[in-house]
Amino acid sequence: MDIKKITVIGAGLMGSGIAYVSAWNGYEVTLVDINQEALDAGMERIRTDVMTGIDKGKISLSAAQELMGRLKSTTDMEEAVKDADLVIEAIFENMEVKKKVFGTVDKAAPEHTILATNTSSLSIDELASATERPEKFIGMHYFSPVAAMKLIEIVIGEKTSDETIEAAMKVGEKQEKVPIKAKDSPGFIVNRILMPVLREAILLYEEGVATKEEIDTAMTSKAKFPAGPFALGDFVGLDIAYNAMSTLYRELGDCFKPPETLEKLVEEGHIGTKSKQGFYNYGGKAEEPEPPKGVDADWLVTRITIPVIREAMLLVDEGIAEKDDIDQAMKLGASFPIGPFEMAEKMGMDTVKAEMEKLHEKHGECYSIPKMLQ
Ligand SMILES: NC(=O)c1ccc[n+]([C@@H]2O[C@H](COP(=O)([O-])OP(=O)(O)OC[C@H]3O[C@@H](n4cnc5c(N)ncnc54)[C@H](O)[C@@H]3O)[C@@H](O)[C@H]2O)c1
């Protein structure tokens, strides 16, 4: 099916970004929000981005005018979806609110319209159940900032049809993204694999094995990650990390239980760089780093990498995603220097298995050996 008109619901950070990349790549776009002020602010963000594009010579003035001409905005949702080929929803992360919106959209949109959600954590199947077209329902999970991040997780529900998947993949490609398929499951690919990095790092810190600085330095200098887990957590926002981990904990059980240190920081409102205090202090008085524990950096990297490889293997075992797609998703969506399966290959499968067996023996079932490694 050929998608020409896209309606984006929610003009916040994500919705305005999705509208921008859609209009930039030739789609007719309608941006809709219940709140006029939010809609105006979203349109203003797009206008600023387009102006920056002109300044940087990425787009000519006439092309920019055409782009803005392809973009409409309204607070009337029924009107906005009545001739859409694809609706992408990016409103607040709340199941009941999203279901209500999809119920309305389902009734107002033409029969052929595909409905997509940008949810980070909610079940695609449950959202689809609010409509009478689950075969035309799909997840299109963009990453922030939308214009810069290349990945879209294309999240496939139980009833999503092949035609819908193909159409969503094509839209992603036309938006100059790399769309990667994953079956509907908690955390999809990126959050499911990223959370163990943070969790393992915090547990090692809580056990007194290493300091935050030692862990971050090992991951940046030895494993070549752009940021260590503590610095990255602070940057992303500990509230967001905590919510993501809590969803996985609720859905998948104790191996994703948010560690106490994380819970406490969030309770205290110390949620990272945006509150000037998280694992580290930003601004204000400089914090004395803890005296190093003297732990071997290579050992730390292996200790954190093994659970990451394990989680990636579980995704394959569970039929959620494919090896190469997982590697690609982690590089594009989480800035991993190499994918989990590439890490495993570099380490050698025998070593991976031996290290995992050691962890399994010492720390129990959260380190059990995935089927694909047995
Ligand atoms: N922020 C991120 O990094 C990120 C990344 C990936 C996915 N997401 C997901 O994208 C979605 C939106 O996140 P965001 O950060 O852009 O939120 P946001 O708070 O910036 O924007 C949400 C917008 O939705 C509007 N809205 C709320 N209810 C509405 C309704 N019933 N009808 C129309 N508009 C409505 C609000 O007025 C607001 O402008 C969430 O599901 C979130 O989980 C966020």
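This note sets out numbered points on the structure shown above.

1. Basis of the values. The model is predicted: local features require pLDDT of at least 70 and side-chain atom pairs count only at pLDDT 80 or more, whereas totals for chains, interfaces and linings use all residues. Residues are numbered from 1 along each chain as its sequence is written, and side-chain values use heavy atoms, with hydrogens and water left out.

2. Overall fold. The chain contains 16 helices and eight strands; these are DSSP runs numbered from the N terminus, with helices being H or I of at least four residues and strands being E of at least two. Its radius of gyration is 22 Å, close to the 21 Å that the globule rule gives for 374 residues, so the chain is as compact as a globular protein of that length. The radius is taken over C-alpha atoms, and the rule is 2.2 Å times the number of residues to the power 0.38. The C-alpha trace spans about 60 × 50 × 40 Å along its principal axes.

3. Burial and contacts. Of the 374 residues, 51% are buried; buried means under 20% relative accessible area, exposed over 50%, and partly exposed in between, with a 1.4 Å probe and protein chains only. Among contacts with a separation of 6 or more, 69% come from residues 24 or more positions apart, a contact being heavy atoms within 4.5 Å.

4. Surface and charge. About 17,400 Å² of the chain is exposed, and carbon and sulfur atoms supply 51% of that area. Accessible areas come from the Shrake-Rupley method with a 1.4 Å probe; for residues, only the protein chains shown count as cover. The chain carries 43 positive and 64 negative charges, and their mean positions are 2 Å apart. Lys and Arg count as positive and Asp and Glu as negative, while His and the chain ends are not counted; each charge is placed at NZ of Lys, CZ of Arg, CG of Asp or CD of Glu.

5. Helix α9. This helix covers residues 212-222, and its buried residues include Lys 212, Glu 214 and Asp 216 as well as Ile 215, Ala 218 and Met 219. The cover over the buried residues of α9 includes α8 (190-206), α10 (229-236) and α13 (297-317). Just after the helix, Lys 224 adopts a positive phi of about 65 degrees.

6. Thr 160. This residue sits in the loop between β7 (151-156) and α7 (162-174) and is buried, with a relative accessible area of 10%. Leaving aside residues up to four places away in sequence, Thr 160 touches Pro 134, Glu 135, Phe 137, Ile 138 and Ile 165. Its side chain makes polar contacts at 2.8 Å with the backbone oxygen of Phe 137 and at 2.8 Å with the backbone nitrogen of Gly 157. A polar contact is a pair of N or O atoms within 3.5 Å; within protein, one must be able to donate a hydrogen and the other to accept it, and residues adjacent in sequence count only if both atoms are side-chain atoms. The C-alpha atoms of Thr 160 and Lys 183 are separated by 10.0 Å, the two residues being 23 apart along the chain.

7. Backbone geometry in loops. Ser 144 and Pro 145 are joined by a cis peptide bond with omega of about -5 degrees, and Pro 145 lies in the loop between β6 (137-142) and β7. Lys 276, although not a glycine, has a positive phi of about 65 degrees; this lysine is in the loop between α12 (260-267) and α13 and counts as exposed at 53% relative accessibility. Ser 335, also not a glycine, has a positive phi of about 55 degrees. Ser 335 is in the loop between α14 (323-334) and α15 (340-347) and is partly exposed at 37% relative accessibility.

8. Glu 268. The loop between α12 and α13 also holds Glu 268, which is partly exposed at 44% relative accessibility. The C-alpha atoms of Glu 268 and Thr 117 are separated by 32 Å, with their positions 151 residues apart along the chain.
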